Amino acid sequence: MTDLQAAWRDPELAKHLVDLITQAADRPIKLMEVCGTHTVAIARFGLRDLMPPNIALLSGPGCPVCVTANRDIDLAIELTHVDGVVLATFGDMMKVPGSYSSLQREKADGRDVRIVYSPLDAVQLAADLPDRQVVFLGVGFETTAPAIAMAILTAAQRGLDNFSVLSVHKTVPLALEALVNDPEVAIDGFILPGHVSTIIGPEPYRFLAERYHVPGVATGFEPVDVLQGVWMLAKQLHEGRAEIEVAYRRGVSADGNPTARARIAEVFEPSDAEWRGIGVIPGTGLAIRPEFAAWDAALRFDVTPPPPKEIPGCQCGEVLRGVTLPFECKLFGRACTPEHPIGPCMVSSEGSCAAYYRYTDYGR
Amino acid sequence: MRSDRVLLAHGSGGTMMRELIEDVFVARFNDEVLLRMDDAAALTLPPGRIAFTTDTYVVTPRFFPGGDIGRLAVAGTVNDVATSGATPLYLSVGFVLEEGLMIEELGRVLDSMASVAKEAGVRIVTGDTKVVERGHGDGVYINTAGVGVIREGLDLSSSHCRPGDAVLLSGTLGDHGIAVISTREGLTFGTDVVSDAAPLGGLVSAVLDAAPGARCFRDPTRGGLASCLNELASASGVSITVEEESVPVREQVRGACELLGYDVYQVANEGKMVAVVPGDEASAALEAMRGSRYGGDAAIVGEVAEGPAGRVNVRTSFGARRIMDMLVGEQLPRIC
Amino acid sequence: MCLAIPARVVLMNENQMAEVDIHGVTRTVSLSLTPDAETGSWVLIHAGFAIQVVDEEFAKESWELIKQIEWVDGDPAEVSA
């Protein structure tokens with residue numbers, strides 16, 4: 001498969017797809033790359049340069065780091081101030097600013113914040129440190145939620161009472177509905193997140209096509225994958241169709257991953273969630289079920305973070321909805337740079353602003 | 001040496017300190033000037049301009065696959081001197097030791113230093129040791145300063161790159177950074193990748209012999225190739241374009257970067273050299289690199305062009321172009 | 001939110017854990033979300049878990065199919081790849 005990974009970076013195939021896209025794009029169309037990892041892939045491989053001018057690629061709110069609400073980060077930070085707490089987190093969250101601070105800054109101030117690659121490492125940490133309270137910051141969409149569900153199930157099975165999860169997980173399909181209903185947002189088609197689709201399959205997106213007549217294609221992350229996804233969307237639009245298709249066939253089966261979905265359903269239930277810059281989108285959160293309340297950090301600890309506040313001038317919300325392009329934000333490249341980020345879109349490794357700033361010369 | 005670990009008393013200037021220095025340090029470095037244990041080393045330098053550099057090493061963990069903090073400390077400073085086109089001659093070494101550090105470990109670090117110094121033909125002629133309380137100092141911190149004499153007539157500078165110049169890289173990217181992080185808690189993975197820390201004075205010398213018009217050398221340490229090339233492009237007011245396909249990277253390093261979500265252009269290297277030479281000297285320079293001990297995988301990876309000033313581009317395998325940006329802060333493993 | 005890397009399962013251990021290989025780098029991951037994975041399977045790994053088994057043959061075929069796409073305006077091409 002090493003060869004196959006290279007195969008999905010084959011320049012000949014890329015060129016072939018670009019020709020097809022150019023043929024099919026007979027009018028200006030706006031496609032949203034929902035997933036932050038797509039934003040990075042497009043920037044990193046310079047794919048925007050290859051697209052015909054009729055195709056505009058907008059970044060969406062698919063960066064779970066970027067859309068974590070200020071108040072949730074503030075809460076995580078407040079937990080690090082509790083005696084005995086070790087906060088374990090994915091590396092992605094370290095630099096993201098909350099209302100007043102970031103996990104990285106708290107760590108520099110002496111709080112016990114540790115980066116793990118897998119939530120199971122956090123469970124093991126709890127086993128290794130019986131006198132401490134290990135709290136795992138659960139961030140991510142459906143791709144990641146099953147892993148955290150397994151972490152909670154594992155902790156329960158091992159009888160670890162010093163492990164808990166602060167769940168700020170979110171789900172994608174209903175968020176896309178909110179975007180489609182947003183009068184400021186005008187999207188002709190969705191490049192659907194490949195690995196979220198690995199878990200949920202294409203079915204949960206059908207309503208976008210059937211109810212709203214907006215096409216979507218579940219797309220992978222190698223350059224050929226992205227181009228294939230764009231081609232399938234351009235073709236649908238040209239032919240006046242609106243369907244949910246799968247380009248990323250090797251990563252997405254017709255039924256997704258039922259085992260993973262079962263684990264999510266076992267441990268989590270839908271709740272309302274606040275998306276940074278967008279507001280509350282009902283039903284898009286994953287809250288830990290009452291049966292697992294013992295591993296829910298939001299219930300275990302009684303802390304009151306200071307009231308959340310937004311930074312004036314920060315346009316992350318508009319960028320996340322595809323209403324504003326990163327370099328159109330007044331702060332982009334001036335007050336807001338990767339060295340001095342104002343909002344999460346610039347600081348997150350897969351934030352749109354960071355991707356634009358790092359890989360392109362827009363707005364410089 | 002009676003104690004098996006470093007004690008505060010070993011830093012206080014008395015007999016215990018003398019015992020530490022004589023039994024542990026001097027015994028290994030075994031240099032005639034050092035043995036005099038004067039406050040300052042009296043040296044005669046050959047005529048010419050001197051290159052003088054200093055660096056401090058704080059890497060954790062101090063032992064990692066392929067090396068340790070001692071190897072880094074000597075190779076790093078030797079390489080910095082070498083980038084000026086100077087033959088590294090003398091090093092000073094300064095240690096901050098944490099109370100409780102095992103003498104055996106210290107010995108291993110010093111043995112590494114002695115070994116690299118010998119390979120590089122550089123003499124450790126003066127040093128200093130301090131001991132700090134347990135809980136401060138992470139085991140051992142090392143400062144090294146190095147001095148060498150610049151080849152006559154040579155004027156290398158990062159501001160000398162010109163459109164049409166070739167950019168050479170002496171070998172595979174990312175080995176050191178990946179070797180070190182593979183041992184970090186919570187991220188362990190199995191790999192044969194070892195740190196590339198190595199003294200490159202010989203390599204630089206060989207390239208200068210073959211390509212006397214060389215503009216500058218730089219070692220892509222912290223911040224990786226990205227920092228290095230961005231600094232060169234800025235200093236010279238030119239742009240540099242890298243051909244992604246030409247850049248040598250080990251499969252395992254590629255795999256580790258994919259796993260962690262790292263950008264290989266931003267991962268630290270400790271035994272690699274970037275050289276910018278006039279276009280017509282590129283093949284000769286490449287051959288010289290490939291013929292030296294640590295340059296077997298050397299490649300021409302890019303070209304210097306007009307502008308915009310300070311811009312570093314990457315041409316991806318489809319001919320698409322994107323920017324190679326500099327690292328901000330540290331690279332952290334990511335799942336997004 | 002989607003960094004998932006293809007890796008080959010090289011050794012199955014207890015508790016549904018396994019060693020996988022990515023370009024020569026090995027790591028221990030959980031196969032609890034992919035009960036069909038076995039030694040030699042290709043899987044996508046994310047945050048320490050395999051989230052999908054990838055059929056190598058199928059992947060190869062789907063790649064070949066992309067190459068074969070031909071499209072003339074007005075002519076519905078074979079697009080499933």
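Domain bounds here come from an automatic or database domain assignment. Keep that in mind for the first stop. What you have open is a predicted model, in which local features need pLDDT of at least 70 and side-chain atom pairs count only at pLDDT 80 or more, while totals for chains, interfaces and linings use all residues. Residues are numbered from 1 along each chain as its sequence is written, and chains are lettered from A and ligands numbered from 1 in the order in which they are written.

**Stop 1: the two domains of chain A**

Select residues 26–297 plus 311–316 of chain A for domain 1, then 317–358 for domain 2. Taken over C-alpha atoms, the centres of these two domains of chain A are 18 Å apart. Domain 1 puts 31 residues into the contact and domain 2 puts in 25; two residues are in contact if their C-beta atoms, placed from the backbone, lie within 7 Å.

Now colour α3 (36–44) and β2 (55–62) of chain A, the elements that give two or more residues to the domain 1 side. Helices (H or I, at least four residues) and strands (E, at least two) are DSSP runs, numbered from the N terminus. The largest share of that side, five residues, belongs to α3(A). By class, the domain 1 side has 18 nonpolar, eight polar and five charged residues. For these classes, Ala, Val, Leu, Ile, Met, Phe, Trp, Tyr, Cys and Pro count as nonpolar, Asp, Glu, Lys and Arg as charged, and the others, Gly among them, as polar.

**Stop 2: a sheet in chain A**

Stay on chain A and pick out the open sheet of four strands, ordered β4-β3-β5-β6 with parallel pairing. Two strands pair if DSSP finds at least two bridges between them. β4 (113–115) and β6 (163–167) of chain A are at the edges with a single partner strand each, so one side of each has no neighbour in the sheet. From one strand to the next, the twist averages 30 degrees.

Zoom in on β3 (85–89) and β5 (133–138) of chain A, parallel strands joined by four bridges. Label A:Val85 and you'll find A:Gln133 of β5(A) opposite.

Next, show the helices. α7 (119–128) of chain A lies across β3, β5 and β6 of chain A, at about 170 degrees to β5(A). α8 (145–157) of chain A also packs on the sheet, touching β5 and β6 of chain A, and its direction makes about 155 degrees with that of β6(A). Axes are lines fitted to C-alpha atoms, for helices over the stretch in contact, and angles run from 0 to 180 degrees between N-to-C directions.

**Stop 3: a helix pair in chain B**

Switch to chain B and select α3 (69–82) and α4 (103–120), whose axes are 7 Å apart at an angle of about 30 degrees. α3(B) and α4(B) are therefore roughly parallel (angles under 35 degrees count as such, over 145 as roughly antiparallel, 65 to 115 as roughly perpendicular and the rest as oblique). Residues to show as sticks include B:Ile69, B:Val74 and B:Val78 of α3(B), with B:Leu110, B:Met113 and B:Val116 of α4(B). The residues of this contact are 11 nonpolar, two polar and one charged.

**Stop 4: where B and C meet A**

Bring all the chains back. Chain B has 18 residues in contact with 36 of chain A; the chain B side comprises nine nonpolar, five polar and four charged residues.

For chain C, 33 residues are in contact with 45 of chain A. Select β1 (5–12), β4 (42–46), β5 (49–54) and α1 (56–67) of chain C, the elements that give two or more residues to that side. Finish on α1(C), which supplies the largest share, eight residues.
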